[in-house]
Amino acid sequence: MHQATRFLLGSCLGLAVDLGVFALGVRLGASPGAANVLSAACAVVVVYLFVTRYAFAAERSRTSFLLFVAWYVVSIVVFSVLIEVLHDRTGWAPLVCKSLSLPPSFAANFLASKLLFRRRPAAAAAPRPVRDPAGA
């Protein structure tokens with residue numbers, strides 16, 4: 001529960017960035033799907049920085065960042081397509097379509113992050129040779 005709450009806080013911070021850039025992109029004439037790609041990319045960096053430290057207490061590394069970004073690329077593409085299709089089929093405002101995508105997006109991203117940043121057991125230490133106190 002602690003991780004989910006902190007992930008939610010980090011995601012809300014990322015969401016603020018996401019929605020701001022999304023609204024600006026649409027206002028400047030980008031399609032909802034394209035605006036979502038740009039806004040989500042900005043949010044991914046914010047979320048990574050927050051959740052690695054505060055939700056999962058994980059070490060940051062190039063590998064974890066690349067895996068995190070790779071997952072989010074897949075997630076962003078899938079949800080961008082869904083937002084675009086929902087907008088095209090319903091005529092609803094882009095922000096409404098984006099808002100409807102948030103709960104399933106949050107759930108998928110939390111599960112992926114939990115898997116990526118799970119604590120792994122430390123490698124077993126190599127056994128130390130036992131020394132004979134008699135010097136034998």
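This is a short tour of the structure above, stop by stop, with a suggestion of what to select at each one.

**The whole chain**

Begin with the full chain in cartoon view, and keep in mind that this is a predicted model. The secondary structure comes to four helices and zero strands, and reading along the sequence gives the pattern α-α-α-α. Of the 136 residues in the protein, 29% are buried. If you look at contacts between residues at least 6 apart in sequence, 70% of them join residues that are at least 24 apart.

**Rings around Phe117**

Now select the aromatic residues and show their side chains; a search of the whole structure finds twelve aromatic pairs. Start with Tyr48 and Phe117, whose rings form a tilted pair, with 6.2 Å from centre to centre and 50° between the planes. This pair links distant parts of the chain, since Tyr48 belongs to helix H2 (residues 32–55) while Phe117 belongs to the segment after helix H4 (94–116), 69 residues apart.

Keep Phe117 selected and add Phe56, because these two rings also make a tilted pair, with centres 5.7 Å apart and planes at 35°. Here too distant parts of the chain are linked: Phe56 is in the loop between H2 and helix H3 (62–90), and Phe117, in the segment after H4, is 61 residues away from Phe56. Are these two residues buried or exposed? Phe56 has a relative accessible area of 3%, so Phe56 is buried, and Phe117, with a relative accessible area of 6%, is buried as well, since buried means under 20%.

To see the wider group, select Phe7, Tyr48, Phe56, Phe65, Phe68, Tyr72, Phe106, Phe110 and Phe117, which ring pairs link into a cluster.

**Ala57 and Ala112**

Move next to Ala57, which is found in the loop between H2 and H3. Although Ala57 is not a glycine, its phi is positive, at about 45°. Its relative accessible area is 52%, so Ala57 is exposed.

Then select Ala112 in helix H4, which counts as partly exposed because its relative accessibility is 22%. If you draw a distance from the C-alpha of Ala112 to the C-alpha of Tyr72, you should find 9.1 Å, although the two are 40 residues apart in sequence.

**Asn36 and Lys98**

Select Asn36, which lies in helix H2 and counts as buried because its relative accessibility is 2%. Which residues is Asn36 in contact with, leaving aside its neighbours within four places in sequence? They are Asp18, Phe22, Ile76, Phe79, Ser80, Ile83 and Lys98. Two of these residues, Phe22 and Lys98, are worth showing together, since the charged end of Lys98 sits over the ring of Phe22, 5.5 Å from the centre of that ring.

**The largest pocket**

For the last stop, turn on a surface and look for the largest pocket, which has a volume of about 400 Å³. The pocket is lined by 24 residues, and a good way to find it is to select Leu15, Asp18, Leu102, Ser105 and Asn109, the lining residues that lie nearest its centre. Helix H1 (2–27), H2, H3 and H4 each supply at least two residues of this lining. Colouring the lining by residue type would show 15 nonpolar, seven polar and two charged residues.

Terms used
Residues are numbered from 1 along each chain as its sequence is written. This is a predicted model: local features need pLDDT of at least 70, side-chain atom pairs count only at pLDDT 80 or more; totals for chains, interfaces and linings use all residues. Side-chain values use heavy atoms; hydrogens and water are left out. Rings of Phe, Tyr and Trp (its six-membered ring) pair if their centres lie within 6.5 Å; planes under 30 degrees apart count as stacked, over 60 as edge-to-face and the rest as tilted. Buried means under 20% relative accessible area, exposed over 50%, partly exposed in between (1.4 Å probe, protein chains only). A charge sits over a ring if NZ of Lys or CZ of Arg is within 6 Å of the ring centre and within 35 degrees of the ring normal. On a 1 Å grid over the protein atoms alone, a cavity is a set of points where a 1.4 Å probe fits but cannot get out, and a pocket is an open set with protein on both sides within 12 Å along at least five of seven lines; lining residues have an atom within 4 Å of a point. Grid points are joined across faces, edges and corners, and a volume is the space filled by probe spheres set on the points. Ala, Val, Leu, Ile, Met, Phe, Trp, Tyr, Cys and Pro count as nonpolar, Asp, Glu, Lys and Arg as charged, and the others, Gly among them, as polar. Contact means heavy atoms within 4.5 Å.
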